[in-house]
Amino acid sequence: MPAELIRILIGLVAVALSVGLIGLVMVWVERKVAGHVQRRPGPYEVGPYGLLQPLADALKLVGKQLFMPDNADPILFWLAPVLSFLPVLLLFLPLPLGDGLYTMDINLGLLLILAFSGLAVLSLLLGGWASNNKYGLLGAARAVAQSVAYEIPLLLSVLAVAFVSGSLDLATVVKEQGTWPWNWNIMTQPLAFLIYIVSALGETNRAPFDLPEAESELTAGFHTEYSGMGFGLFFLAEYANMVVVCSVATVLFLGGWHGPVLPGPVWFVLKVSLLMLLLVFFRWTYPRVRFDQLLNINWKWLMPLAVANLMLTAFFVKLAQYAVVK
Amino acid sequence: MNSLDALLKGIPLDYLAACDYAKTGQTWQAFLPAGSLVKAAERLLAADWHLEDIAALDCFEGYVVTYHFAHFDQPGRATLRVVAPHDAPHVPSISAVFDGALWHERETRDFHGVIFDGHPNLIPLLLDPDMAECFPLRKDPKSRVKMREFLEAGEVLYQNPSFTFMTPDAPAVSQESGGTAATA
Amino acid sequence: MNAIKEAFKTVSDLWSLMVGLKVTGKYFLEPQRTVRYPWKAVSNLDTYKGHLELVGGMKDPFKPRCISCGMCALACPSHCLTVVKKKAPKPTPEEEKALAEAKASGEKTKDKTPKDPEQFLYDYTLCSLCGTCMENCPAGALRFSKNVYMAGYSRNDFQFDLVLKLRESDARATKAEPAAPAAETSEA
Amino acid sequence: MTRYADMGQVAGDFYTENFAQTAQEGSLILNLGPQHPSTHGVLRVIVELDGEYVLRADPVLGYLHRMHEKMAEVKTAAQFIPNMGRVDYGHALAWNWAFVGAVEKLAGIEVPERAEYVRTITCELNRIASHLLWWGAYLLDLGAFTPIMYAFDDREKILDILQVPTGSRLTYSYFRIGGVAQDLNEDCFSRIKAFIPWMRSRLPMYKDLVSDNIILRKRIEGVGPIEPELCRRYGATGPVARGSGINFDVRRAEPYSVYPKLDFEIPTSPLMDARGRYDVRMIEIEQSLRIIEQCVEMMPEGDTLVKGAPKPSWKVPKGEAYFAVEGGRGKIGVHVVSDGGKNLYRTKLRAPGFSNLSLFAEVSRGTILADAVAILGSLDLIIPEIDR
């Protein structure tokens with residue numbers, strides 16, 4: 001038992017460090033990709049290829065005065081960014097980076113991730129509500145409606161994979177898949193993968209579904225009044241959430257650490273990076289959808305499709321079991 | 001082509017003239033008594049004219065509130081003018097007919113202090129509400145010029161005998177001024 | 001049947017998202033448009049219209065061609081020019097005598113006042129760079145400089161005497177230093 | 001904790017109070033602007049919201065008001081030209097033209113033919129630049145970040161061309177009473193000739209990246225319907241009117257300069273919504289390229305400034321004149337009245353954006369906030385022009 005505890009502690013520290021690092025790297029990647037897509041160099045002045053730019057930005061954010069608007073609720077106002085960041089750390093615990101390379105071995109890893117990612121919306125709501133700002137309030141309202149709605153198809157698409165693998169343990173799900181792409185779950189569950197990616201965009205408030213912070217309508221939505229590290233934590237949490245979402249997609253659909261030649265963790269990181277790059281490209285290519293359209297996509301398209309997919313999967317899984325038993 | 005004199009038939013007018021478009025960019029110009037402005041605007045709207053702008057002109061005789069109307073389908077520009085006296089510059093609002101006038105009238109109030117009666121929301125538009133009583137485009141009484149000096153007289157189609165603002169002064173003066181009034 | 005058509009249309013609509021990604025992906029790989037400023041300069045600096053400057057005379061390139069007529073100051077829409085004329089030099093006793101004689105005999109005396117201005121005060125903060133002054137200068141003594149790199153710490157840095165500026169350029173020229181760092185021009 | 005119900009706390013200034021008087025019970029009054037990412041400068045729109053729905057919207061102007069009309073009364077006509085470059089930074093040359101044209105009409109000055117062509121070429125280039133600026137900014141409103149960079153890449157080329165004769169990149173004061181300040185040189189012509197095919201090759205990319213994009217289509221199709229009747233009542237012109245199917249363009253309706261000699265089409269759209277206005281502007285870019293192409297071919301030799309062009313001290317003869325040109329946003333009208341004195345007696349500037357924006361209050365009623373922003377952007381607002 002102490003060994004397990006030490007493992008978790010080491011894991012937590014490692015995760016906290018790596019989340020910070022990933023956040024910095026992602027900021028750099030995002031800006032660099034945005035730059036190159038828009039035919040600019042992106043950051044290039046601070047450090048080689050601007051690599052130290054996010055660090056400089058982070059230092060600036062840390063150094064900034066923590067500012068709270070008049071009449072804001074002081075406790076909730078500062079609780080919100082912390083609350084947005086902490087659950088994200090937990091989400092990293094059950095992720096298997098390689099064979100046996102994970103912090104916490106629980107057979108309900110998937111459930112844990114889904115449960116704690118649901119907490120993120122609470123922080124957005126608190127932040128928007130507590131800052132005593134109308135834009136913040138509108139942003140918070142949007143965030144809640146959006147996150148609650150998109151959690152359902154996310155869950156349903158993930159469940160379909162769990163049916164196939166017969167387990168909620170992420171490591172088991174990976175082990176069920178093989179080395180080559182045609183052994184991955186994406187081949188059997190392409191629809192679930194699509195639904196998952198779209199709902200993940202909605203869940204992480206990434207463009208084109210970044211409505212809670214739609215700057216052309218709500219200036220900055222729920223984080224309008226945050227500056228300094230308050231904003232920094234929201235920012236970090238957003239990128240960390242992205243990483244989690246992409247990691248889960250990798251684990252569930254893209255065969256996790258499986259891959260030829262290279263060692264497992266490298267494959268894992270590679271797959272996650274590619275997915276992240278895709279999300280970044282989405283952001284710099286598409287306009288933002290409207291709020292009612294966002295909900296329409298969810299309730300009219302994703303939900304029925306996800307349910308249908310789940311039913312079909314259940315049917316085929318049962319069929320296969322029956323055949324095996326026979 | 002629906003000419004303005006046919007359009008405004010039956011509405012009491014002060015002055016109506018056909019102008020030279022090539023020279024001043026307007027085809028008709030009319031002076032209206034304040035009472036018949038709204039009726040004239042209604043007729044213009046019914047004949048598919050649209051409001052280009054409203055502007056006041058601070059002349060010797062008063063504020064000449066100028067309405068420019070144009071048409072989407074045919075060339076030409078109709079200029080309606082209403083004279084509002086300096087001491088009580090009141091003109092009826094045509095915002096109930098042309099919604100576009102809402103802002104133009106507020107702007108004119110800002111610049112010249114002309115009050116548009118019947119305007120639903122005559123608050124400052126471009127100027128600061130704190131300087132609501134400052135009218136930047138009002139001229140000082142000495143530099144005001146008589147409107148016949150520079151407004152195009154055109155080919156007079158109708159003139160109310162009591163309307164003398166556009167009739168040239170005594171011949172000697174008129175020749176001296178040599179403005180458009182004399183050439184028309 | 002209609003529903004199938006609808007679904008088919010939706011799929012083709014979704015394809016437009018891929019087309020968009022293709023465009024951004026293409027530009028992602030193409031060379032950038034940005035000119036990295038401090039190390040490279042843009043190529044269109046030669047048509048840049050900077051602050052006003054006085055044109056030097058034919059004989060002495062550092063003595064303004066200006067004849068202090070004040071047409072420019074009169075024409076300027078924003079009143080940013082002030083021409084201060086030179087006072088006539090104090091006549092020497094002989095000259096004074098000659099002048100008195102000439103006056104007595106009713107001859108026209110030659111005006112000894114130098115034509116070039118004492119000061120040509122220019123307020124760059126007010127200037128709208130319309131070029132009206134140049135167009136109205138009878139001597140062709142004004143032009144726009146190509147000084148792109150002008151910067152200052154205060155408003156006063158942009159209010160200067162053009163005569164002095166012309167003389168300073170003289171000093172700089174005699175020092176035989178390159179007037180401006182040779183800017184490497186790039187494409188785009 | 002229920003702070004938002006307490007309206008006393010958010011009393012606001014004169015305009016907010018005025019607006020709040022007629023507010024419904026329980027609605028949220030929100031000030032969009034004057035500093036807001038989607039109001040293109042310093043427009044302020046007070047909106048009354050019921051959740052995401054706009055119950056009422058009222059634009060508040062004047063944050064960029066500079067009283068150009070008063071400045072016209074303290075400067076001579078020729079000295080006023082620099083002001084016209086600053087009324088509308090998007091399409092500065094059209095404003096140059098409107099004022100210069102009005103004074104020329106009043107004084108009866110004939111402009112040399114070459115100058116007319118130079119004016120047409122530069123004005124149309126400026127129109128393309130204006131539409132590109134709108135295109136980028138509008139998509140930014142709709143949440144797409146990249147298009148504005150591509151648009152500015154193209155716009156930069158136009159600014160480079162216009163910099164050659166005018167020396168400026170944004171606030172041109174290039175036209176003179178009786179002509180233009182400077183002729184186009186060979187360098188300029190070669191740049192223009194290179195620009196036309198290049199711009200044409202870019203338009204399909206715009207279509208692929210944005211115009212056909214399903215998200216954009218869903219965002220602007222059917223949004224902000226403006227009936228032709230509404231245009232007429234508000235005096236909306238330009239792409240807003242043409243997007244509502246009204247075939248009205250000052251270049252054809254009140255032909256001026258060399259436009260009657262040129263072969264180009266007035267694009268209209270029967271859609272009447274934001275999509276219609278979008279399409280009209282995109283086609284107008286093509287048509288402007290066509291105009292420039294023809295002008296470069298037909299360019300006659302000669303002066304670009306009439307002999308004995310007016311000096312700044314020139315007194316405009318007595319009389320009045322109204323001159324309208326087609327700007328990027330619609331009909332720009334300048335009404336000048338002169339009493340023969342040193343300065344003009346009265347100059348009235350008719351800004352197209354002013355009339356176009358005034359219909360926003362009516363069109364935005366009952367829409368979603370995001371749609372209201374989409375409508376606001378589709379009107380193509382340049383605030384300095386509206387406030388003058």
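Here are some questions and answers about this predicted model, chain by chain and then core by core.

Me: Happy to start with the chains: which pair has the most contacts among the four pairs of chains that touch?
Reply: Some pairs can be set aside. Chains A and B share no contact, with their closest C-alpha atoms 24 Å apart. Chains B and C share none either, and their closest C-alpha atoms are 20 Å apart. Among the four pairs that do touch, the most contacts are between chains B and D.

Me: Which element gives the largest share of the side of chain D that touches chain B?
Reply: On this interface, 37 residues of chain D meet 33 residues of chain B. Elements of chain D that give two or more residues to its side include α1 (14-20), α9 (228-234), β7 (330-338) and α13 (352-358). The largest share is five residues, and they come from β6(D).

Me: How many residues on the side of chain D that touches chain B are charged?
Reply: The side in question holds 37 residues of chain D. Of these, 13 are nonpolar and 10 are polar, and the charged ones number 14.

Me: Let's look at the sheet with the order β6-β7-β8 in chain D: which strands stand at its edges?
Reply: This is an open sheet of three strands with antiparallel pairing. From one strand to the next, the twist averages 10°. Two strands have a single partner each, so one side of each is left without a neighbour in the sheet; they are β6 and β8 of chain D.

Me: Which residue of β8(D) stands opposite D:Val334?
Reply: β7(D) and β8(D) pair in the antiparallel sense, over five bridges. Opposite D:Val334, the residue in β8(D) is D:Leu349.

Me: At what angle to β6(D) does helix α4 of chain D run?
Reply: Helix α4 covers residues 92-107 of chain D and lies across both β6 and β7 of that chain. Its angle to β6(D) is about 150°.

Me: Here is one for the glycine fans: is D:Gly136 buried or exposed?
Reply: D:Gly136 sits in helix α5 (residues 113-141) of chain D. Leaving out residues up to four places away in sequence, it touches D:Pro147, D:Ile148, D:Ala151 and D:Phe152. The C-alpha atoms of D:Gly136 and D:Ile148 are 3.6 Å apart, although 12 residues separate the two along the chain. The cut-off is 20 or more C-beta neighbours within 10 Å, and D:Gly136 has 22, so D:Gly136 counts as buried.

Me: How many of the 14 residues of α9(A) are buried?
Reply: Helix α9 (residues 190-203) of chain A reaches 19 Å from end to end, close to the 20 Å expected. Its buried residues include A:Phe193, A:Ile195, A:Tyr196 and A:Leu201. The helix is largely enclosed by the rest of the structure, because its buried count is 10.

Me: And in α3(C), what is the count of buried residues?
Reply: Helix α3 (residues 93-105) of chain C should span 18 Å, and its end C-alpha atoms are 18 Å apart, which agrees. The helix is followed by C:Gly106, whose phi is positive, near 80°. As for cover, α3(C) has hardly any: among its 13 residues, the count of buried ones is zero.

Me: What percentage of the residues in chain B are buried?
Reply: Chain B has six helices and eight strands. Among its contacts between residues at least 6 apart in sequence, 57% join residues at least 24 apart. Out of the 184 residues in chain B, the buried share is 51%.

Me: Which helix gives the largest share of the largest nonpolar core?
Reply: This core has 274 residues, and those with the most contacts inside it are A:Ala249, B:Ala30, D:Ala98, D:Phe99 and D:Ala102. The largest share, 17 residues, comes from residues 228-253 of chain A, that is, helix α11.

Me: How many residues are in the second, separate core?
Reply: In the largest core, B:Ala30 is one of the residues with the most contacts. Beyond four places away in sequence, B:Ala30 touches residues including B:Leu4, B:Leu8, B:Tyr15 and B:Leu80. The second core is separate and includes C:Cys76, C:Leu81, C:Ala141 and C:Val163; its number of residues is 17.

Conventions
Residues are numbered from 1 along each chain as its sequence is written. Chains are lettered from A and ligands numbered from 1 in the order in which they are written. This is a predicted model: local features need pLDDT of at least 70, side-chain atom pairs count only at pLDDT 80 or more; totals for chains, interfaces and linings use all residues. Two residues are in contact if their C-beta atoms, placed from the backbone, lie within 7 Å. Helices (H or I, at least four residues) and strands (E, at least two) are DSSP runs, numbered from the N terminus. Ala, Val, Leu, Ile, Met, Phe, Trp, Tyr, Cys and Pro count as nonpolar, Asp, Glu, Lys and Arg as charged, and the others, Gly among them, as polar. A residue is buried if 20 or more other C-beta atoms lie within 10 Å of its own, exposed if 12 or fewer, and partly exposed in between; C-beta atoms are placed from the backbone. The expected span of a helix is 1.5 Å times one less than its number of residues. Two strands pair if DSSP finds at least two bridges between them. Axes are lines fitted to C-alpha atoms, for helices over the stretch in contact, and angles run from 0 to 180 degrees between N-to-C directions. A nonpolar core is a set of buried Ala, Val, Leu, Ile, Met, Phe, Trp, Tyr and Cys residues joined through C-beta atoms within 7 Å.
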